[in-house]
Amino acid sequence: MEYEIAPLFVGYALRVFLFQGLKYVFGIVGIPVIELGMALQQAGLHFVGMRNEQAACYAAQAIGYLTKRPGVCLVVSGPGFLHTLGGMANAQINCWYAAGNITLKFNVYLLAV
């Protein structure tokens with residue numbers, strides 16, 4: 001069985017990340033998200049592979065804190081998404097900065113494909 005992410009979604013995600021000036025993506029690349037991970041790297045974003053999804057979410061939160069821009073966590077759906085819940089809850093509680101007049105509720109983008 002061959003998995004393929006719709007090119008429209010990949011292009012949209014890249015445009016959003018590049019528009020926001022993001023430079024780093026943390027996560028674990030699995031079968032459903034290989035194309036997106038490769039496209040992110042070809043667009044100039046730095047992909048940092050992690051050993052588990054929760055650590056990737058914490059790393060994305062830390063880079064969000066350090067750069068004052070949202071971090072990106074790329075995981076597969078299902079168990080990969082469930083493993084990020086602790087990191088996402090922590091990111092929501094510890095949102096340290098505001099963008100313009102809008103206080104950000106999350107300082108981490110989570111991509112679960």
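**Helix faces, nonpolar cores and loops in a predicted model**

Leu-85 is found in helix H5, which spans residues 85-93. The model is a predicted one, and this helix makes a convenient entry point. With a relative accessibility of 42%, Leu-85 falls in the partly exposed class, because that class lies between the 20% limit for buried and the 50% limit for exposed residues. Leu-85 also pairs up in space with a residue from another part of the chain: Glu-53 is 32 residues away in sequence, yet the two C-alpha atoms are 9.2 Å apart. Further along H5, the buried residues are Gly-87, Met-88 and Ala-91. These residues sit on the same side of H5, because the arc they cover around the axis is only 100 degrees.

Stepping back to the whole protein chain, the model holds five helices and six strands. Read from the N terminus, the order of these elements is α-β-α-β-α-β-α-α-β-β-β. The protein chain has 113 residues, of which 36% are buried.

Helix H1 can be described in some detail. Its 13 residues reach 18 Å from the first C-alpha to the last, close to the 18 Å expected at 1.5 Å a residue. Val-10, Ala-13, Leu-14 and Phe-17 are buried in H1. They share one side of the helix, because their arc around the axis is only 100 degrees. The face of H1 turned away from this buried side carries Leu-8, Tyr-12, Arg-15 and Phe-19, which are exposed. After H1 comes Gly-21, with a positive phi near 75 degrees.

Helix H2 can be read in a similar way. Its buried residues are Leu-36, Gly-37, Ala-39 and Leu-40. Seen down the axis of H2, they fall within an arc of 165 degrees, so they line one face of the helix. Gln-41, found in the helix H2 as well, is partly exposed, because its relative accessibility of 45% lies between the two limits. Between Gln-41 and Val-25, which are 16 residues apart along the chain, the C-alpha separation is 9.1 Å. Gly-44 follows H2 and has a positive phi, near 105 degrees.

How do the buried side chains come together? In soluble globular proteins, nonpolar side chains tend to be buried together. In this model, the largest nonpolar core has 14 residues, and those touching the most other members are Leu-14, Phe-17, Val-25, Leu-36, Leu-40, Leu-45 and Leu-74. Two or more residues of this core come from each of helix H1 (7-19), helix H2 (34-42) and strand S3 (71-75). H1 gives the most, with four residues. A second core of nine residues is separate from this one and includes Ala-56, Ala-60, Cys-73 and Met-88. Met-88 has already been met among the buried residues of H5.

Leu-74, one of the residues with the most contacts to other members of the largest core, offers a link to strand S2. Val-48 is found in S2, which covers residues 46-49, and its C-alpha lies 9.9 Å from that of Leu-74, although 26 residues separate the two along the chain. Val-48 counts as partly exposed, because its relative accessibility is 28%.

Nonpolar residues also appear on the surface. Val-29, Ile-31, Ile-34 and Met-38 make a nonpolar surface patch of about 330 Å². Of these, Ile-31 is placed in the loop between strand S1 (24-27) and H2.

A last point concerns the backbone. Most residues other than glycine have a negative phi. Against that background, Lys-68 deserves a look: this residue is not a glycine, yet its phi is positive, at about 60 degrees. Lys-68 lies in the loop between helix H3 (53-67) and S3. Its relative accessibility of 47% places Lys-68 in the partly exposed class.

Terms used: Residues are numbered from 1 along each chain as its sequence is written. This is a predicted model: local features need pLDDT of at least 70, side-chain atom pairs count only at pLDDT 80 or more; totals for chains, interfaces and linings use all residues. Side-chain values use heavy atoms; hydrogens and water are left out. A nonpolar core is a set of buried Ala, Val, Leu, Ile, Met, Phe, Trp, Tyr and Cys residues joined through side-chain atoms within 4.5 Å. Buried means under 20% relative accessible area, exposed over 50%, partly exposed in between (1.4 Å probe, protein chains only). Patches are made of residues with over 30% relative accessible area and no salt bridge: like charges are joined within 9 Å, nonpolar side chains (Val, Leu, Ile, Met, Phe, Trp, Tyr) within 5 Å. Accessible areas come from the Shrake-Rupley method with a 1.4 Å probe; for residues, only the protein chains shown count as cover. A salt bridge is a side-chain nitrogen of Lys or Arg within 4 Å of a carboxyl oxygen of Asp or Glu. The expected span of a helix is 1.5 Å times one less than its number of residues. The arc is that of the directions from the helix axis to the C-beta atoms.
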